[in-house]
Every structure is written in C-alpha cells, then in structure tokens.
Amino acid sequence: MRGIADLAAIPHKFQRKERFVAEVQISHGWMHAGYPIMAHKSSAAALLNVNTARTEGIWGAIHELGHNQQRGCWEFPSHTTECTCNLWSVYVHEEVLGIDRAKAHPAMCLEERHSRARQYVQGGRNLNGWDMWVALETYMQLQEKFGWDAFKKVFAAYHQMSNFPNNNHEKMNLYAETFSQTVGMNLAGFFRAWGWPIEMNTEQKLSSLPPWSDHPMVQYG
C-alpha cells in the first residue's frame, strides 16, 4: 500500500481503508474496484500468500487497487478505464515485489507490446482502438524513457490544479502539456504519433522545449 501511495503521490495514510472482500458471488466480473474491492472466494488464498505474490505476482488485485487511484482529471474514458490502473500493477510488481513487467502479465512481454503498437499504427492510429493494453503501451514508453519519478511528479502536479476540462480532447492536451513541462521535453510529436488530438495552442506552449524526436513510435513509420 505504501507503493500504491508513492506512485499516486499521496500520503501513506489513506483517507479510508482499502479492503478486499472475497465472496461466493459478486456483482461484476472476477474482481471489481470500489470500497470494498470485491473478489471471488477462490482469490482469497493468493491475496494472503506472500511467496506467491513475490514469485507469481498478484496482477488482478493490484489492478483493482489501481482503479481506486484513477482520477477523472487525467483519465480519458472509455480509452483508459482499463488501462491506467495497470500503471500500479506494473509499478508494484517491479518496485515492491521484484517481478519484471514482462513476467508480471503475459500481455507485457516485448513481442506482444511491439505487435500492438505496430498494428495500431497500421490501423491508422485511430483512437477508437486506443484502449486497455494498446493505451498502456503509450504510458510504458513514457515510463521507459523518463522513469517512474516522472509519473509521480505529474500526479503531484495534478494535485495542485483545479478547474479541469471535462472532455477527452482538452484533457489529453492538458496531460501532454503537463507531462512535457514535468520532464522538460516537448512530447507533442510523441502523443500525436499515438493519435492524440494535440492542438496548435499546445504545440506553441511547448515550442521552447527540445522535442522528443527519437521516440519509440518512429520505428513504426
């Protein structure tokens, strides 16, 4: 839970308890987020087994805890609803449990990641297909270039903001601007390569920063 808090840039003492309730019947899916997080009874054993967590991981459980950390100001529903929660899954597995992202979930192996990015580009970089694992690749490319500290600083910056836009178009421009200013690099080209609707006004705000010209999406044409 300290790892969850660290990535979210919030105090270690949560405002309310994060509880798991394992039951014989729940209202939706295999697990679902909320207060409490619900899971099927058969999930309980893995939640309590430290050895299993450190060898095989507990992706689903951390995924749900990640859902509880999502914030509308930097979320782009429905694209990122099942995506950004996985930032916590990757972070906790690597930084707390010592499990590499490629081993933490089959979808995170390099071959799968490259394949998704390539297919997305070949499909015309259509935002209709930018969701879940495809969308997560955008964030993973940012993480591999700038590290987890950049995400912590971005989340911290959002804690200081108010009067957020209420549509994905404007929110995506705000995120591109915020991340760029945080890392001191113009990321407009990178986000545009992912099909984000980057506006000219955003470009102008970032024009004094050096561009990230060799970002990973360049390889896909």
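**Exercise 1. Find which residues Pro165 touches, leaving out those up to four places away in sequence.**

Step 1. Locate Pro165: it sits in the loop between α9 and α10. Helices here are DSSP runs of H or I with at least four residues, strands are runs of E with at least two, and both are numbered from the N terminus.

Step 2. Look for contacts, meaning heavy atoms within 4.5 Å. Pro165 touches Glu170, Lys171 and Leu174.

Step 3. For a sense of distance, try Ala107: Pro165 is 58 residues from Ala107 in sequence, and their C-alpha atoms are 32 Å apart.

Some housekeeping before going on. This is a predicted model, where local features need pLDDT of at least 70 and side-chain atom pairs count only at pLDDT 80 or more, while totals for chains, interfaces and linings use all residues. Residues are numbered from 1 along each chain as its sequence is written, and side-chain values use heavy atoms, with hydrogens and water left out.

**Exercise 2. Check the length of helix α9 (residues 148–159), then work out where its buried residues point.**

Step 1. The expected span is 1.5 Å times one less than the number of residues. For the 12 residues of α9 that gives 16 Å, and the end C-alpha atoms are 17 Å apart, which agrees.

Step 2. Pick out the buried residues (under 20% relative accessible area; exposed is over 50%, partly exposed is in between; 1.4 Å probe, protein chains only). In α9 these are Trp148, Ala150, Phe151, Val154, Phe155 and Tyr158.

Step 3. Look down the axis, taking the arc from the directions from the helix axis to the C-beta atoms. The buried residues of α9 fall within an arc of 155 degrees, so they line one face of the helix.

Step 4. Ask what that set packs against: α1 (2–8), α5 (85–95), α6 (101–104), α8 (132–146) and α10 (168–183).

**Exercise 3. Do the same for α7, and see which residues sit on the other side.**

Step 1. The 13 residues of α7 should span 18 Å, and the end C-alpha atoms are 18 Å apart, which agrees.

Step 2. Buried in α7 are Arg113, Arg116, Ala117, Tyr120 and Val121. They cover an arc of only 130 degrees around the axis, which puts them on the same side of α7.

Step 3. Flip to the other side of α7, and you find Glu111, Gln119 and Gln122 exposed.

Step 4. The cover over the buried residues of α7 includes α6 and α8. Just after α7, Gly124 takes a positive phi of about 95 degrees.

**Exercise 4. Trace the salt bridges made by Glu144, then one between Arg192 and Glu203.**

Step 1. Start from the principle: side chains of opposite charge can pair when their charged atoms come close. The rule used is a side-chain nitrogen of Lys or Arg within 4 Å of a carboxyl oxygen of Asp or Glu. The count comes to 8 salt bridges.

Step 2. Arg101 and Glu144 meet at 3.3 Å, N to O. Arg101 lies in helix α6 and Glu144 in helix α8, so the pair ties together parts 43 residues apart in sequence. Arg101 is buried at 8% relative accessible area, while Glu144 is partly exposed at 46%.

Step 3. Glu144 also bridges to Arg113, at 2.8 Å, N to O. This pair links distant parts of the chain, with Arg113 in helix α7 (residues 110–122) and Glu144 in helix α8, 31 residues apart. Arg113 counts as buried, at 3% relative accessibility.

Step 4. Now Arg192 and Glu203, whose closest N and O atoms are 1.9 Å apart. Arg192 lies in helix α11 (residues 188–193) and Glu203 in helix α12 (residues 200–206), so the bridge ties together parts 11 residues apart in sequence. Both are partly exposed: Arg192 has a relative accessible area of 37% and Glu203 one of 22%.

Step 5. Put shared partners together: Glu94, Arg101, Arg113, Glu137 and Glu144 are joined by salt bridges into one network.
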